[in-house]
Each structure stands twice: as C-alpha cells, then as structure tokens.
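Here are a few exercises to work through with the model open in your viewer. Try each task yourself before you read its solution.

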Amino acid sequence: MEFRDLKAQYAALKPAVDGAVGAVLSSGRFIGGAPVAELEGALADYVAVAHCLTCANGTDALELALLAWGVGEGDAVFVPDFTFFSSGEVVPLVGATPVFVDVDPATYNMDPASLRRAVAWVRENTGLAPKAVVAVDLFGLPADLPAIREVCDGEGMFLLEDGAQGFGGRIGEARACSFGDISTTSFFPAKPLGCYGDGGAVFTDDDGWDALMRSIAVHGKGTMKYDNVRLGMNSRLDTLQAAVLSVKLEAFAGYEVADVNRVAAWYGEALSFLGARGWGLPLVPDGFTSSWAQYTVKVPEGVDRGAVQATLKDQGVPTMVYYPRPMHRQPAFDGVGLCPDGCPVTCELCGRVLSLPMGPYMGRDDVERVAAALEAL
Ligand SMILES: *Cc1c(COP(=O)(O)O)cnc(C)c1O
C-alpha cells in the first residue's frame, strides 16, 4: 500500500497529463506563457479571490506575502507550534520574530485563545510590534479562521492563511486560501493538489499586494524584466508544472476532494473501535470541510508509537509522524523564536500523532486492511 498513491492518480489522468506535457515540450516555451496564466485564472476562480500568482514553492509563497507587507525587524509574527517548519522559517528569513502559539487539542489547528494570550504577552513583555498571524490549515482542515480573523482585526495584524495542506477545504461555502489578507498554498507532490515537482501560489483580493508580489517574485521587476525597481527573488512556477496542474485541478475540483472525503468517512466507520481503546480520531467541526492532506490519529498515552509503526509496516501499511517536534524546540529557532506558554498541547501531540495512508484513490479494501492491522495490535 502507498502512503499517498500518486501512481494511481497518474494512471487515471495519464492521457490528459501526457497531452498537456507534450504540448509544452512542443511549444519550446518553459517559463511563463499561456499555461501559467490560464492556471492562475482557474485557481483564482476555484478559490473565488481576485488574484492568484503562482511561484516556485509554498515556502516562497509565504515569504512573498511577508515581503509585500514589509514585515521585518521589530515585528512579531504568530505561528502555530504544530506545523511544518516552513510556516515559521520564513519569519526570521525576513528579519522578524516568530512567536509560537499552541493548538487546539481536538482540531490540531491554532488555538485562538492561545493566540490572544501570546499577543498580549508580546505587547507587555517585548518591544516587538504584533504584525501578522500565520494560520495553518493543518492536515487539510481549515483553521478557525473566523475567530483568528477577529483577533487580527482587533489587534491590527495581517492574516496570512498557510493553505499548503488545506487547499480544497472549506468553511461553509468559502474555500481555503480565501480567508487571509494573503493566502498561500504549495503544489509539492504529496499535498492535496500536487504537481510533479515543486510549486506554490499566493491568493489575494488586493490589487496592490498582487502587483507587488508579481514584482518581488521576478527580481523586483518594474515595467519589464530588466527594469529592477526593488530587490526580489526568482520564484516562478515552471510552464510544465502549470500544464500538469491544470489537468490535476480539474480532477481535484471534479471528484478528488469528494472522493477523499468518502475515504475519510470509511476510515471513521472502520476505526470507530479505536475510540474505546483510548485512541483519538480526527475531528472536523460542524460547517468545516477537510481536504484530508493527512488522516492523523492519536495513539493512547503510554503506547509505544514506534512499535505500532513497525507492526503496521510489517503488514504492508506505511505510516508517518507529522510532526515529531514542536516548532519552538527546533534548533534553528534557538534564540530566534519566542514561546510564551510552552505550548503543552503541541508537546503532547508530537509524541502521539500517527498519520495513516490517505488519498482519493484509496479503495474501501485498503481502508479495511489498515483497520484490520490496527485491530490486531
Ligand atoms: C508543505 C508546506 C509548506 C511549504 O511548501 P513547499 O512547497 O514545500 O515549500 C508550508 N506550510 C505547510 C503547512 C506545509 O505543509
């Protein structure tokens, strides 16, 4: 069994993907061009925002947003303690200070109460200016963005939605990557919408930030490429990846998000016995829709997670631990980041989470096999 079955997806989409790739190869144009512009239009329509700008990866996308806002030295940026490294990495890269905030024990997403406390603590105990919040849609589930928006508006902070894992998710009818002042995603192959290499995108309704990020992404270009009006970066999505993504977006919007939710429902039924054994199953709050970047369970306290992984592996069931270490304990943030409350929920989750095989191309038999392997533990 694959942890995320990208081969099955290619088998299903092969004629369309091969055709799209072949068309780019024949065109001889590999940077920019119509495939990139068409994809950006389709992505903006799907998310229902005014602008989408594609870039080289999801990490650059986050950095583009912070640079467009002028976030830098003396600014505090609030980041969940339980996330992939990138969400926090970009903050010191632009010269600002990451402040790590704890997560909700049921959704694993940023806890708005912990955020409020962290902002108050920064105002009282540091000379830093609270400037922005990076709200991560972890494992496919949108963060509590309405509550986080309220905190941002009250404190005069920008909201940056990191939808690298949440693309395709929703709150009500509003899609992930539409909640931030700027929102970002990643097209890393294993993300909900992945390409065949690295890729990313930023989304915004603001014309000015869109224009600024388009400049920053291409060496600070002005009216043309050799008119450089500011320092920028070189961050573009390859034409080949754009062509692949246009095909994949159609499948994603057409049936993959629905299919992966069906797989999640099968898991919910097949794994219901785990609750009585003290395991935790994923929770999707009322009104929220996940795009299931991961299906992550929580092993009971005192159970040896490594041994569980080894037993499952022997039975052909691959698993992963996302994430084994709180952000505030990453050596790279030593002396760089702040963590006002020690993030006890994150510390516990890091010792207990376990992600199971997941994806829209899994069959019910695959789910039953994972369940049987867990039942036999
Ligand atoms: C993957 C990921 C990123 C970074 O995306 P890349 O395309 O790998 O640079 C950022 N944030 C989160 C939450 C991610 O999972």
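A residue counts as buried under 20% relative accessible area, as exposed over 50%, and as partly exposed in between. Keep in mind that this is a predicted model.

**Exercise 1. Classify R364 by its accessibility, then find its salt-bridge partners.**

Step 1. R364 has a relative accessibility of 37%, so this residue is partly exposed.

Step 2. Look for acidic partners, taking a Lys or Arg side-chain nitrogen within 4 Å of an Asp or Glu carboxyl oxygen as the test. One partner of R364 is E269, with the closest N and O atoms 2.9 Å apart. This pair joins distant parts of the chain: R364 belongs to helix α12 (residues 364-375) and E269 to helix α8 (residues 239-270), with their positions 95 residues apart.

Step 3. R364 also meets E368 in a salt bridge, at 3.6 Å from N to O. Why can these two side chains reach each other? E368 and R364 are 4 residues apart in helix α12, so about one helical turn separates them. E368 is partly exposed as well, at 40% relative accessible area.

**Exercise 2. Explain the pairing of D153 with R149, and say how exposed each residue is.**

Step 1. The closest N and O atoms of D153 and R149 are 3.4 Å apart, and the two form a salt bridge.

Step 2. Both sit in helix α6 (residues 145-155), 4 residues apart, which means about one helical turn lies between D153 and R149. As general background, an α-helix has 3.6 residues a turn, so residues three or four places apart point the same way.

Step 3. D153 is exposed, with a relative accessible area of 51%, while R149 is partly exposed at 22%.

Step 4. To widen the view, the structure holds 15 salt bridges. E40, D210 and R214 are linked in a network of such bridges.

**Exercise 3. Work out whether helix α1 is straight or kinked, and what its buried residues pack against.**

Step 1. Start with the span. Helix α1 (residues 6-27) has 22 residues, and a straight helix at 1.5 Å a residue would reach 32 Å, yet the end C-alpha atoms of α1 are only 27 Å apart.

Step 2. Locate the bend. A kink of about 75 degrees lies at L13, shortly before the proline P15.

Step 3. Turn to the buried residues of α1, which are Q9, L13, V17, A20 and V24. They pack against α2 (34-47) and α8.

Step 4. Check the two ends. At the start of α1, a side-chain oxygen of D5 comes to within 3.3 Å of the backbone nitrogen of K7. Just after the helix, G28 has a positive phi of about 70 degrees.

**Exercise 4. Place K191 in the model and describe its surroundings.**

Step 1. K191 lies in the loop between β8 (182-186) and β9 (200-204).

Step 2. Is K191 buried or exposed? Its relative accessible area is 17%, so K191 is buried.

Step 3. Apart from neighbours within four places in sequence, K191 contacts R4, A164, Q165 and S186.

Step 4. Now consult the record. An unreviewed UniProt entry lists K191 as "modified residue: N6-(pyridoxal phosphate)lysine", and K191 is also listed there under "active site".

Technical notes
Residues numbered from 1 in each chain as written. Predicted model: local features only at pLDDT ≥ 70, side-chain atom pairs only at ≥ 80, totals over all residues. Heavy atoms only, no water. Helix = DSSP H or I, 4+ residues; strand = E, 2+ residues; numbered from the N terminus. Buried < 20%, exposed > 50% of the residue type's maximum accessible area, 1.4 Å probe, protein only. Expected span 1.5 Å × (residues − 1). Bend = angle between axes of the 7 residues up to and from the residue. Contact = heavy atoms within 4.5 Å. Polar contact = N/O pair within 3.5 Å; in protein donor to acceptor, adjacent residues only side chain to side chain. UniProt positions renumbered as here; feature names shortened; annotations may be inferred.
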